[in-house]
Amino acid sequence: MAYPDIRPRRLRRSAAMRRLVEETRVSPAELILPLFVKEGLTEPRAISSLPGVVQHSRESLRKAAREAAGAGVGGLMIFGVPTNEHKDETGSRGLDPDGILNVAIRDVIAEVGDATVVMSDLCLDEFTSHGHCGVLAPDGTVDNDATLDLYAQMGVAQAEAGAHVVGPSGMMDGQVGVVRRALDQAGHQDVAVLAYAVKYASSFYGPFREAVESTLQGDRRTYQQSSGNVREALREVELDVAEGADMVMVKPALPYLDVVAAVRDRVDVPVAAYQVSGEYAMVEAAAANGWLDREGVMLETLTSIKRAGAQIILTYWATEAAQLLRARY
């Protein structure tokens, strides 16, 4: 009986050997932890559709930021959740230096400084009474150019609060260029822009809507992208890079790994992917029912996103995953 001369299994015979030859490895420094801070809370509040994730008080936000930095997490993405009485048609609380998001940025910067990268979501949807990512025209559509004026002011406010990176996420045409110019003119040339360049109109955002107490009326299909389109996504990415984006992002991640790979092949700036709330919630729900190995699936999904080409991954597991990865390697 002939036996094989070439035996790939030699490189799988022990955990040490498998670690030695592993082709794709996620590093804690490549993970970004999204954090929600709710105006007026004195204690963190659980989010029912995101087990293990909370709306933070200012105090618990600082603690979570410190823990993440200590675990080696590469960055924090902060989302502000105002009270309903502070929501209005134009999302003015998002521009206010004393609004919850800008206050939270200052809190986190005071807590962790440059130990990790402090990022802020630059969008109006959490702050508008109608829940859209921009201001509305008289006919009820989102007014792209009027929204850009507010994004420019919002970006400057976040930079002045201390954000290292601002993340325009509203999918308005021209948003990166407007924010970049506003930052430069205000003397914030060193603040980077992470462009939500590819943001699909996805059904995977459901739990996030609970987390930010969304008041959305209608949908966002006139500005977020259709799930079937890849060439359009690449066009959006190229436009954002041309407008000055320092990094670009694909959102969601797992249902769009092919898009992540296509974007990675197209641009020479760092590529991020957001493992969104629905992706996280599905795994947590299945694990709670005993249907899968929670930690194994957590790390496997992160590895798949990295393997597809994302250098940076936003995930609600960031701190826990960083701790597991440090123990493993």
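This report describes the overall build of a predicted protein model and then some of its helices, strands and loops.

The model is predicted, with local features requiring pLDDT of at least 70 and side-chain atom pairs counting only at pLDDT 80 or more, while totals for chains, interfaces and linings use all residues. Residues are numbered from 1 along each chain as its sequence is written, and side-chain values use heavy atoms, with hydrogens and water left out.

## The chain as a whole

The protein chain contains 11 helices and 10 strands; these elements are DSSP runs, helices being H or I with at least four residues and strands E with at least two, numbered from the N terminus. For 329 residues a compact globule would have a radius of gyration near 20 Å, and the 20 Å of the protein chain agrees with this; the radius is taken over C-alpha atoms, and the globule rule is 2.2 Å times the number of residues to the power 0.38. Along the principal axes, the C-alpha atoms fill a box of roughly 80 × 45 × 40 Å.

Of the 329 residues, 54% count as buried, where buried means under 20% relative accessible area, exposed means over 50% and partly exposed lies in between, with a 1.4 Å probe and protein chains only. About 14,600 Å² of the protein chain is exposed, and carbon and sulfur atoms supply 49% of that area, as given by the Shrake-Rupley method with a 1.4 Å probe, where for residues only the protein chains shown count as cover. Among contacts (heavy atoms within 4.5 Å) between residues at least 6 apart in sequence, 75% join residues at least 24 apart.

The chain carries 33 positive and 45 negative side chains, and the centres of the two sets lie 10 Å apart. In this count Lys and Arg are positive and Asp and Glu negative, with His and the chain ends not counted, and each charge is placed at NZ of Lys, CZ of Arg, CG of Asp or CD of Glu.

## Helix α9

Helix α9, residues 277–288, has 12 residues and reaches 16 Å from its first C-alpha to its last, close to the 16 Å expected at 1.5 Å a residue; the expected span is 1.5 Å times one less than the number of residues. The helix is mostly covered, with 9 of its 12 residues buried, among them Tyr280, Val283 and Glu284. What covers these buried residues includes α6 (206–211), β9 (271–274) and α10 (294–308). Just after α9, glycine 290 takes a positive phi of about 75 degrees.

## Leucine 31 and helix α11

Leucine 31 is placed in strand β1, residues 31–38, and is buried, with a relative accessible area of 0%. Not counting residues up to four places away in sequence, leucine 31 touches a set of residues that includes Val26, Val73, Ile313, Ala318 and Leu325. Its partner leucine 325 is found in helix α11 and is also buried, at 6% relative accessible area. With the same exclusion of sequence neighbours, leucine 325 touches Val26, Ser27, Pro28, Leu31 and Leu299. Leucine 324 likewise lies in α11, residues 318–328, and, leaving aside neighbours within four places in sequence, is in contact with Glu295, Met298 and Leu299.

The table lists C-alpha to C-alpha separations for these three leucines.

| Residue pair | Apart in sequence | Apart in space |
|---|---|---|
| Leucine 31 and threonine 319 | 288 residues | 8.3 Å |
| Leucine 325 and alanine 71 | 254 residues | 9.8 Å |
| Leucine 324 and glycine 296 | 28 residues | 10 Å |

## Backbone features in loops

Most residues other than glycine have a negative phi, and most peptide bonds are trans. Methionine 171, which is not a glycine, has a positive phi of about 60 degrees; it is placed in the loop between β6 (165–168) and α5 (175–185) and is buried, with a relative accessible area of 6%. Glutamate 213 also has a positive phi, near 55 degrees, and lies in the loop between α6 and α7 (231–242), where at 22% relative accessibility glutamate 213 counts as partly exposed. A cis peptide bond, with omega about -5 degrees, joins lysine 251 and proline 252, and proline 252 is placed in the loop between β8 (247–251) and α8 (257–266).
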